[in-house]
Amino acid sequence: MTRSKSLQSLAYPEIRQSLDRGELTCVELTKSHLALIENKKHLNAFLTVFSDDALQQAEVIDLKIKKRTAGKLAGLVVGLKDMLCYKDHPLQAGSKILDGYFPPYNATAVQRLLDEDAIIIGRQNCDEFGMGSSNENSAFGPVLNDLDIGRVPGGSSGGSAVAVQTGMCQVSLGSDTGGSVRQPSAFCGLVGLKPTYSRVSRFGLAAYASSFDCIGVISKHVEDVALVLEVIAGADENDSTISRKDVENYSELEHAAFKKFRIAYMSETVENDVLQPEIKDAIVKKIDQLKGDGHIVETIDFPLNEYVLPTYYILATAEASSNLSRFDGVRYGYRSQNTTDLASLYKKTRSEGFGKEVQRRILLGTFVLSSNYYDAYYSKAQKVRRMIRDDIKKIFEKYDFILMPTTPSTAFKLGEHSDNPVEMYLADLFSVQANVAGVPAISVPCGADRRGLPIGIQIMANDFEERKLLGFSKMLLEMN
Ligand code: GLN
């Protein structure tokens, strides 16, 4: 192994080589990650560290490696956003309402990681039920961005991003309903993929807005994202919305270097007043580079752009209000102590157990679903969603990819948008499009602003074109 490079900066294939050659053990590797978690505790990225379990797993996998029976991900140290069930380990979705909950089963994605001998190191802090863009909505306090601890890491998978950023783990599984994997990846200088809706089973993922929710992958390396996706994707009898389409060999990254692509960018995203000028410059520079390399890059109009964010916030809150109705203090989780009858049990449990933002969304969602407003909001938003998807699919008849910024700004200061929810929702301006349409999207690093804060460029592809998307991302990164 190249000892000159730190262990934490290597992509998994290199680590695996060292493990297979006996130059490194899973126990050593796990200990190095545990030491970093301890060292960087102040960032608040992990809610629970599974030290003993992880070390035990590492010992078992070391033996398998010796016997040459180890799985595809042997020794890959993974962290889980506090939204994914890991049997008999705590899960709270960043919320007080799930106090004391230990899932009795594994999420399908988690089970598939374990089957391939990945090591699960802990559960990671996030915005409550995935609702937020800064990780300030966690019942366990905010996560800090290691590049500047006065700034947010993005959200809602903020803990997952910071854990990878600092080398506390190699890969994190997050969830992306409106950008929660891509936005924190952009803020922390990482690669973050939201696959096509229905590519990865949602079984065992705490539900926020079921028709948008996707499990996604965060890493420093495109290769590792591809490999993990290959393991977790595919048919699952526990998720009725899953696609039965074959899973491609994502890890054999398509060599995009010699291909010439047709790429579109929406004038509404690059010429947008809210876009930080340095991000615009970085995107324009990338576009010029691509053109210089012989790709066709064209600007297109996307008039529905202004409806994307409202459509998302109407539908996501409606689905959330329904999904979160199951938390009533009766079956599991937190239960208020000062109750007098059943109605007060529900009321007090939910008022004390849910944070402010979650309550706001439940109220909003209940409102748009109420009989007087259903047609004006919910039903209309469903129709607009279909129009947005149709228009995006049409773009992919002519183009391979759509390119845009991942976020309107780089990492903002803690507290900067806390008092203004609409300002906070604007952080998702560019990321929600892929969730509304259901197509895959990735954020990859694309330079930095004058403060040295990372900029993310987002690439969207047609349904199930993850392999092509990952190959192109790798090429884009190598152009830096
Ligand atoms: N920030 C968005 C929201 O609050 C997206 C969250 C997510 O993708 N889970 O809804």
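**Exercise 1. Where does the ligand sit, and which residues surround the ligand?** In which cavity does the ligand sit? Work from the cavity to the surrounding residues and then to the polar atoms.

*Solution.* The structure is a predicted model, in which local features need pLDDT of at least 70 and side-chain atom pairs count only at pLDDT 80 or more, while totals for chains, interfaces and linings use all residues. Residues are numbered from 1 along each chain as its sequence is written, and side-chain values use heavy atoms, with hydrogens and water left out.

Step 1. The ligand sits in the largest cavity. A cavity is a set of points, on a 1 Å grid over the protein atoms alone, where a 1.4 Å probe fits but cannot get out, and a molecule sits in it if more than half of its atoms lie within 2 Å of its grid points.

Step 2. The ligand is surrounded by 15 residues, and the closest are Thr177, Gly178, Ser180, Tyr208 and Tyr312; a residue is near a molecule if one of its heavy atoms lies within 4 Å of it.

Step 3. An N or O atom in the side chain of tyrosine 208 is 2.6 Å from an oxygen atom of the ligand. A polar backbone atom of glycine 132 is 2.9 Å from a ligand oxygen atom, and a backbone N or O atom of glycine 179 lies 3.2 Å from an oxygen atom of the ligand. The protein buries 100% of the 300 Å² that the ligand exposes when taken alone, with areas from the Shrake-Rupley method and a 1.4 Å probe.

**Exercise 2. Locate serine 431 and aspartate 463, and state the polar contact made by each side chain.**

*Solution.* Step 1. Serine 431 is found in the loop between helix H14 (421-425) and helix H15 (432-437), where helices (H or I, at least four residues) and strands (E, at least two) are DSSP runs numbered from the N terminus. Serine 431 counts as buried because its relative accessibility is 0%, buried being under 20% relative accessible area with a 1.4 Å probe and protein chains only.

Step 2. The side chain of serine 431 reaches the backbone oxygen of glycine 178 at 2.7 Å, and Gly178 is among the residues closest to the ligand.

Step 3. Aspartate 463 is found in the loop between S11 and helix H16 (466-478), and with a relative accessible area of 17% aspartate 463 is buried. Its side chain makes a polar contact with the side chain of lysine 393 at 2.9 Å; such a contact is a pair of N or O atoms within 3.5 Å, and within protein one must be able to donate a hydrogen and the other to accept it, while residues adjacent in sequence count only if both atoms are side-chain atoms.

**Exercise 3. Describe how strands S9 and S2 are covered and paired.**

*Solution.* Step 1. Strand S9 (residues 401-405) is mostly covered, with 5 of its 5 residues buried. Strand S7 (residues 262-266) runs parallel to S9 and is joined to it by 3 bridges, with isoleucine 263 opposite phenylalanine 401; two strands pair if DSSP finds at least two bridges between them.

Step 2. S9 also pairs with strand S11 (residues 454-461), in the antiparallel sense over 5 bridges, and proline 405 has isoleucine 457 as its bridge partner in S11.

Step 3. In strand S2 (residues 77-81), 5 of its 5 residues are buried: Val77, Gly79 and Lys81 on one side, Val78 and Leu80 on the other. S2 pairs with strand S3 (residues 119-124) in the parallel sense over 5 bridges, and glycine 79 stands opposite glycine 122.

Note on methods:
Buried < 20%, exposed > 50% of the residue type's maximum accessible area, 1.4 Å probe, protein only. 1 Å grid on protein atoms, 1.4 Å probe; cavity = no way out; pocket = protein on both sides within 12 Å on 5 of 7 lines; lining within 4 Å.
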